[in-house]
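Work through the exercises below with the sequence and the model at hand. Each task is followed by a solution in steps.

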Amino acid sequence: MISEECYELGSKSSVIREIFSFGLKRKAEIGADRVYDFSLGNPSIPAPDSVKKAILELMEQPAEVIHAYSPAPGDAGVRKTIAESLNRRFGESFTAENIFMTCGAAASLNICIKALGNPGDEFITFAPFFPEYRCWVEGIGAELKAVPPRLPDFQIDLEALEKTITSKTKAVIVNSPNNPSGVVYTEEVLKGLTGLLKKKSDEYGGPIYLITDEPYREIVYDGVTVPYLTKYYDNTLVCYSYSKSLSLPGERIGYIVIPERLADYNRVSPAVAGAARVLGFVCAPSLFQYVAARCVEDTGDIEAYKNNRDLLLEGLTRLGYTCVPPQGAFYLFVKALEEDANAFCERAKKYDLLLVPSDDFGCPGYVRIAYCVAEKTIMNAMPAFEKLMREYH
Ligand code: PLP
């Protein structure tokens, strides 16, 4: 008898992957330029030049350095460089000891959830949310509870959160800028969130941890800033990734910040190392640890995403679509033109528009449009969006 749970997870691919595969088939049939594929969150802008330069320079170093196993938490020099960068940018006082290098945000989150949680615990997140949270939380025998968004701005509904917290709540997972809504949570809302977590931790006599999922931290528009949550709440673990900021999703590199101010720091820190060990991560890719340190404050050309956001938001609003105003990441969350977003996405396929229904994000009735695509894909897709709208009028 094999694991039913793993069989279930592995035998059905995610809705996003299914749509992406359909797109590949369609592109082979009618040509790539006639399929408007908005399904995947794969960065469309290239990694900055500094990444290539760093790789080429690193290749001159002895193989036994750049390709070797690093210590499990990562190379000490790399961790120090990252800690110093965070201190400079966010007024923190981290050291190398507070940084644990990982294989991207997926690994960071999975490790934090396993390190903190026990079977029967509850983790809370905010809809719409990244669907993999469910599989990581349920993977340790815990329960994921989703708090619906505050409408119409898709910020956090603090009243609903308060009702969801129980004595079993181990941690709250927050993702800003958000995939799939593109919303950046305001400082006011985050102060409300951290205030509530302090109050509830006191009430239940134990810490409720905050896990922040931040792969899109640098992808923000219109001068918006993303508050650094360790400054607001002591029991915060930060899960970061270079997948989006440096356009390196296939290289699997990121880190966890484990601040000393955490309740039970002396046990949480080894538990993070233990979770990474159980999950078989061994260490993060060595070459890309060194690349990350050399490019620690670089990003790709964020303006290109802003340009796409403006084109899409303006074009769809003009056609009569209702969009959640996005201030970050590279996703637009749009109200489906019928109650069932799956049926709406099927209709969109008739025009070779590939959109993702929002059900798996825990917020039915919407579609996600990933605008990390070439500008011309957005321009060429507009007539298709117009025809789709006409079907409903
Ligand atoms: N969290 C969110 C909200 C994401 O959108 C993604 C990837 O798209 C991840 C985590 C995983 O990112 P990584 O590639 O760094 O594992």
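A polar contact is a pair of N or O atoms within 3.5 Å. The model used here is a predicted one.

**Exercise 1. The ligand and its shell**

Task: Describe the residues around the ligand, then find which of the polar contacts come from side chains and which from the backbone.

Solution.

Step 1. Start with the shell, in which a residue counts if one of its heavy atoms lies within 4 Å of the ligand. There are 13 residues around the ligand, and those that come nearest are Ala 105, Asp 213, Tyr 216, Ser 241 and Arg 252.

Step 2. Sort the shell by class. Five of its residues are nonpolar, five are polar and three are charged.

Step 3. Assign the shell to secondary structure. Helix H6, which spans residues 104-116, gives the most, with three residues.

Step 4. Look for the polar contacts. Tyr 216 has a polar side-chain atom 2.7 Å from an oxygen atom of the ligand. For Lys 244, a polar side-chain atom and an oxygen atom of the ligand are 2.9 Å apart. Ala 106 takes part through its backbone, with an N or O atom 2.8 Å from a ligand oxygen.

Step 5. Add the cover. On its own the ligand has 390 Å² of accessible area, and the protein covers 91% of that.

**Exercise 2. The largest pocket**

Task: Which space does the ligand take, and which helix gives the most to the lining of the largest pocket?

Solution.

Step 1. Locate the ligand. The space that it takes is the largest pocket.

Step 2. Take the volume, which is about 1400 Å³ for the largest pocket. The pocket is lined by 38 residues, of which Ser 14, Phe 130, Pro 131, Glu 132 and Trp 136 are the closest to its centre.

Step 3. Go through the helices. At least two lining residues each come from helix H1 (4-11), helix H2 (15-30), H6 and helix H7 (132-139). The most, six residues, is given by H7. For the ligand shell, in contrast, the helix that gives the most is H6.

Step 4. Classify the lining. The pocket has 16 nonpolar, 10 polar and 12 charged residues in its lining.

**Exercise 3. The enclosed cavities**

Task: How many cavities of 30 Å³ or more are there, and which residues line the largest cavity?

Solution.

Step 1. Count the cavities of 30 Å³ or more: there are two.

Step 2. Describe the largest cavity. Its volume is about 60 Å³. The lining consists of Val 174, Asn 175, Ser 176, Leu 190, Thr 212, Asp 213, Glu 214, Val 226, Pro 227 and Leu 229. Strands E5 (169-175) and E6 (209-213) each supply at least two of these residues. By class the lining has five nonpolar, three polar and two charged residues.

Step 3. Describe the second largest cavity, which holds about 30 Å³ of space. Thr 125, Phe 126, Pro 128, Phe 129, Ile 173, Val 174, Asn 175, Asn 178 and Tyr 185 line this cavity. Strand E3 (122-126) and E5 each contribute at least two residues, and the largest share, three residues, is from E5. Six of the lining residues are nonpolar, three are polar and none is charged.

Step 4. Compare the two lists. Val 174 and Asn 175 appear in both linings. Asp 213, which lines the largest cavity, is also among the residues that come nearest to the ligand.

**Exercise 4. Backbone geometry**

Task: Where do the cis peptide bonds ahead of Pro 177 and Pro 180 lie, and in which loop is Val 282 found?

Solution.

Step 1. Read omega. The bond from Ser 176 to Pro 177 is cis, with omega near -5 degrees. Asn 179 and Pro 180 are also joined by a cis peptide bond, with omega about 25 degrees.

Step 2. Place the prolines. Pro 177 is in the loop between E5 and helix H9 (187-204), and Pro 180 lies in the loop between E5 and H9. Ser 176, on the other side of the first bond, is one of the residues that line the largest cavity.

Step 3. Read phi. Val 282 is a residue other than glycine with a positive phi, near 60 degrees. Val 282 belongs to the loop between helix H10 (265-278) and helix H11 (286-294).

Methods
Residues are numbered from 1 along each chain as its sequence is written. This is a predicted model: local features need pLDDT of at least 70, side-chain atom pairs count only at pLDDT 80 or more; totals for chains, interfaces and linings use all residues. Side-chain values use heavy atoms; hydrogens and water are left out. A polar contact is a pair of N or O atoms within 3.5 Å; within protein, one must be able to donate a hydrogen and the other to accept it, and residues adjacent in sequence count only if both atoms are side-chain atoms. Accessible areas come from the Shrake-Rupley method with a 1.4 Å probe; for residues, only the protein chains shown count as cover. On a 1 Å grid over the protein atoms alone, a cavity is a set of points where a 1.4 Å probe fits but cannot get out, and a pocket is an open set with protein on both sides within 12 Å along at least five of seven lines; lining residues have an atom within 4 Å of a point. A molecule sits in a cavity or pocket if more than half of its atoms lie within 2 Å of its grid points. Helices (H or I, at least four residues) and strands (E, at least two) are DSSP runs, numbered from the N terminus. Ala, Val, Leu, Ile, Met, Phe, Trp, Tyr, Cys and Pro count as nonpolar, Asp, Glu, Lys and Arg as charged, and the others, Gly among them, as polar. Grid points are joined across faces, edges and corners, and a volume is the space filled by probe spheres set on the points.
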